[in-house]
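Let's take a walk through this protein together, one piece at a time. Keep the picture open beside you as you read.

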Amino acid sequence: MNARSHVRIAVASVLLAGLALGPAAGAAAAQPVGTAPAVAVPDSEGPDVAALEKALTGLPDGDISAALVRVGGKGSWKGTAGVRDLRTGAPALENARFRAGSTTKVVTAALVLQLVAEGRVELDAPVTRYLPGLLPDSFSEPPTVRHLLTYTSGLRPGANLGSTTEEMYPHRFRTLSPERVVATAVAKGPAFAPGERQAYQNIDYTVLGLLIEKVTGDRYEHRAEARIFRPLGMRHTSFPIGPDPRVHGPHHRAYTDIGGRTTDVTEWNMSDRWAVGNMISTTADLERFLVALFRGRVVPQPLLDQMLTVPDVEGATYGMALERFVHNGTEIWGKTGSRPGYHTVLAATRNLSRTVVYSVNAKSAREDGFPLIARFALPAFNR
């Protein structure tokens with residue numbers, strides 16, 4: 001197996017965000033099958049275009065170098081802002097590829113649910129049925145597949161290459177395998193009994209990546225391509241090959257502050273994030289995936305219903321991969337993703353009356369994502 005993390009979506013009454021300015025904005029043209037179609041609606045029913053345009057004005061600034069925002073549903077809109085390279089000042093690209101971070105978890109959850117639909121995996125079966133020998137004797141009760149999907153497994157975090165971007169930077173070309181991440185996690189014993197509470201973390205989805213490989217006898221990356229990317233026409237979405245630190249194809253440079261200096265962090269081996277956060281994509285491709293998922297084309301509708309169900313645990317906000325919000329009385333399901341220099345959001349109402357996908361190149365990408373969400377995603381859901 002080739003070697004292979006979250007900025008939690010802000011809670012309360014604020015959701016998603018993105019950043020993007022630049023040339024343009026306006027009603028989206030006709031879109032390919034699988035994307036949210038542009039629908040002519042009164043201004044009072046569509047996204048808050050004025051707020052979106054204002055959000056994209058003035059880029060690059062001291063934090064954000066580039067931003068891409070894509071709004072779909074009843075009244076579609078898109079905007080691109082900033083520069084793709086601070087050194088050259090070349091304008092940002094609408095079709096830029098980016099590190100999509102933990103939005104990868106939605107793909108991983110979908111792959112597992114496809115295997116459930118095929119009868120190859122049972123949601124309420126212990127994970128040890130599929131990964132025998134995974135857990136030491138300190139686990140008297142193994143978590144189920146459902147516990148992993150809903151972040152209620154009780155597993156502890158595994159090994160990592162640092163908790164902050166500054167700590168990780170010297171190790172950016174090192175490889176940390178998912179097997180080692182999982183081994184170091186389970187060696188610590190459980191943090192709590194499965195299903196007792198919800199704790200968002202990466203380890204659950206690292207284990208699910210291993211489960212997908214074990215059940216299918218194939219690499220996780222190839223299963224994602226064969227089952228989701230290729231069937232949906234996500235031609236610009238992929239995973240790096242092994243420890244490859246590059247983003248191939250058109251993309252923006254990514255920056256953060258290291259030791260008080262603006263530092264280019266575009267090249268980075270993200271293989272330790274694997275099934276948790278190593279996907280590279282575009283806003284158009286993620287919109288296509290989001291719409292197809294909510295239309296029942298990726299996961300059968302009965303399982304999609306379960307995916308979009310928050311477990312009956314005090315304080316829980318996540319279903320399977322996706323988090324539930326209520327903003328201005330509207331229920332929204334979304335996921336953030338962050339890697340050094342990259343912040344991503346995908347979100348939608350259940351009936352697809354509104355979708356948002358954004359990618360922002362920001363030094364603050366791995367910090368509190370609330371300001372980005374409030375600035376760039378919320379305007380799409382304001383009315």
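A good place to begin is a single residue: Ser364 has a relative accessibility of 14%, so it counts as buried, the cut-off being under 20%. Keep in mind that what you're looking at is a predicted model. To find Ser364, go to the loop that links β10 (354–362) with α11 (370–376). Once you set aside the neighbours within four places in sequence, Ser364 touches Asp63 and Leu372.

From that loop, step back along β10 and you arrive at a sheet. How many strands form it, and in what order? There are six, arranged as β2-β1-β10-β9-β8-β7, in an open sheet with antiparallel pairing. At the edges sit β2 (77–82) and β7 (323–327), each with a partner on one side only. Going from one strand to the next, the twist averages 15°.

Now zoom in on β1 (64–73). This strand is mostly covered, with ten of its ten residues buried. On one side β1 pairs with β10, antiparallel, over nine bridges, and there you can spot Gly72 standing opposite Thr355 of β10. β1 also runs antiparallel to β2, joined to it by six bridges; here Val69 faces Gly79 in β2. β1 and β2 make a hairpin with three residues between the strands, and in that hairpin Gly75 takes a positive phi near 95°.

Helix α1 (residues 49–56) lies across β1 and β2, and its direction makes an angle of about 15° with β2. Follow the chain from α1 towards β1 and you'll pass Pro60, which is in the loop between the two. Take a look at the bond just before it: Leu59 and Pro60 are joined by a cis peptide bond, with omega about 0°.

Over to the other part of the sheet. Strands β8 (residues 330–339) and β9 (residues 342–348) pair in the antiparallel sense, with seven bridges between them. One matched pair to look for is Gly337 and its bridge partner in β9, Thr344.

The loops around these strands have a couple of curious backbone angles. In the loop between β7 and β8 you'll find Asn328, which has a positive phi of about 55° even though it isn't a glycine. Leu352, in the loop between β9 and β10, is another non-glycine residue with a positive phi, near 60°. Are these two buried or exposed? Asn328 counts as exposed because its relative accessibility is 54%, and the cut-off for exposed is over 50%. Leu352, on the other hand, has a relative accessible area of 13%, so it is buried.

Let's finish with a pair of helices. Two packed helices are described by the angle between their axes and the distance between the axes. Here, the axes of α2 (residues 104–117) and α6 (residues 203–216) come within 10 Å and cross at roughly 40°. That angle makes α2 and α6 oblique to each other, and α2 passes α6 in a left-handed crossing. From α2, the contact is made by Lys105, Thr108, Ala109, Leu111, Val112 and Leu115; from α6, by Tyr205, Leu208, Gly209, Ile212, Val215 and Thr216. Sort the residues of this contact by type and you get eight nonpolar, three polar and one charged.

Conventions. Residues are numbered from 1 along each chain as its sequence is written. This is a predicted model: local features need pLDDT of at least 70, side-chain atom pairs count only at pLDDT 80 or more; totals for chains, interfaces and linings use all residues. Side-chain values use heavy atoms; hydrogens and water are left out. Helices (H or I, at least four residues) and strands (E, at least two) are DSSP runs, numbered from the N terminus. Buried means under 20% relative accessible area, exposed over 50%, partly exposed in between (1.4 Å probe, protein chains only). Contact means heavy atoms within 4.5 Å. Two strands pair if DSSP finds at least two bridges between them. Axes are lines fitted to C-alpha atoms, for helices over the stretch in contact, and angles run from 0 to 180 degrees between N-to-C directions. Angles under 35 degrees count as roughly parallel, over 145 as roughly antiparallel, 65 to 115 as roughly perpendicular and the rest as oblique. A crossing is left-handed if the near helix is turned anticlockwise from the far one by less than a right angle, and right-handed if clockwise. Ala, Val, Leu, Ile, Met, Phe, Trp, Tyr, Cys and Pro count as nonpolar, Asp, Glu, Lys and Arg as charged, and the others, Gly among them, as polar.
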